[in-house]
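Open the model in your viewer and keep the sequence panel visible. The stops below are given in the order in which to select them.

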Amino acid sequence: MDWFSLEGKHVLIQSPKHPYGETMFKGFLAAGARVWLCGAGADAAVDLEMAANKVQGAFPYAPRGEEEAAKLVSVARKDMGRLDAFVHLSPGPMLSGWMHSYEVIDAALRTSQLDLMLAVK
């Protein structure tokens, strides 16, 4: 029995080099989705060797402001046609452990939230 299907859905994963990027990529493929990647550097797909024949495309994207986000939207629309799901994986370093200063947590949150807001906008 097929409990979860994304057959034919178009998915864009940002920052595939994130520790969860490969897992998300494999999960969407297993569920039948067509997957595109975006991240820093035009070779985002090359970073995931297992994606060589299964990724639909890759777009350069370094979230620095609205202009970069608008470029991503324009390029993605042309190549993907439609977007059914967007996975935002923060390109910044993951925080480990439990104890962090306010400044460290605030900086990580501001970076990831800015990326997400620009991509969604």
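Select helix α1 together with β1, β2 and β4: the buried residues of α1 pack against these three strands. This is a predicted model, so colour it by confidence before going further.

**Helix α1**

Show side chains on the helix. Which residues of α1 are buried? They are Gly21, Phe25 and Phe28. Because they cover an arc of only 70° around the axis, they lie on the same side of α1. In an α-helix there are 3.6 residues a turn, so residues three or four places apart point the same way. Now turn the helix over: Thr23 and Ala30 are exposed on the other side of α1. Step past the end of the helix to Gly32, which follows α1 and has a positive phi, near 95°.

**The cores**

Next, select Leu6, Val11, Ile13, Phe25, Phe28, Ala31, Ala33, Val35, Leu37, Val55, Val87 and Leu89; these twelve residues form the largest nonpolar core. At least two residues of this core come from each of β1 (10–14), α1 (21–30) and β2. Another core, of nine residues, lies apart from it, and includes Phe59, Tyr61, Ala76 and Met80. Nonpolar side chains tend to be buried together in soluble globular proteins.

**His88**

Go to strand β4 (residues 85–88), where His88 is found. Is His88 buried or exposed? With a relative accessible area of 19%, His88 counts as buried, because the cut-off for buried is under 20%. Add the side chain of Gln14 to the selection: a polar contact of 2.7 Å joins it to the side chain of His88.

**Ala40**

Move to the loop between β2 (34–39) and β3 (57–60), and pick Ala40 there. Ala40 has a relative accessible area of 61% and is therefore exposed. Then select Tyr61 and set a distance between the two C-alpha atoms: Ala40 and Tyr61 are 5.1 Å apart in space, although 21 residues separate them in sequence.

**Confidence**

Finish with the confidence colouring. Where in the protein chain is confidence lowest, and where is it highest? Helix α3 (residues 102–120) has the lowest, at a mean of 65, and β1 the highest, at 89. Across the protein chain the mean pLDDT is 75, with 66% of residues reaching 70 or more.

Notes: Residues numbered from 1 in each chain as written. Predicted model: local features only at pLDDT ≥ 70, side-chain atom pairs only at ≥ 80, totals over all residues. Heavy atoms only, no water. Helix = DSSP H or I, 4+ residues; strand = E, 2+ residues; numbered from the N terminus. Buried < 20%, exposed > 50% of the residue type's maximum accessible area, 1.4 Å probe, protein only. Polar contact = N/O pair within 3.5 Å; in protein donor to acceptor, adjacent residues only side chain to side chain. Core = buried A, V, L, I, M, F, W, Y, C linked by side-chain atoms within 4.5 Å. Arc of directions from axis to C-beta. Contact = heavy atoms within 4.5 Å. pLDDT = per-residue confidence, 0-100.
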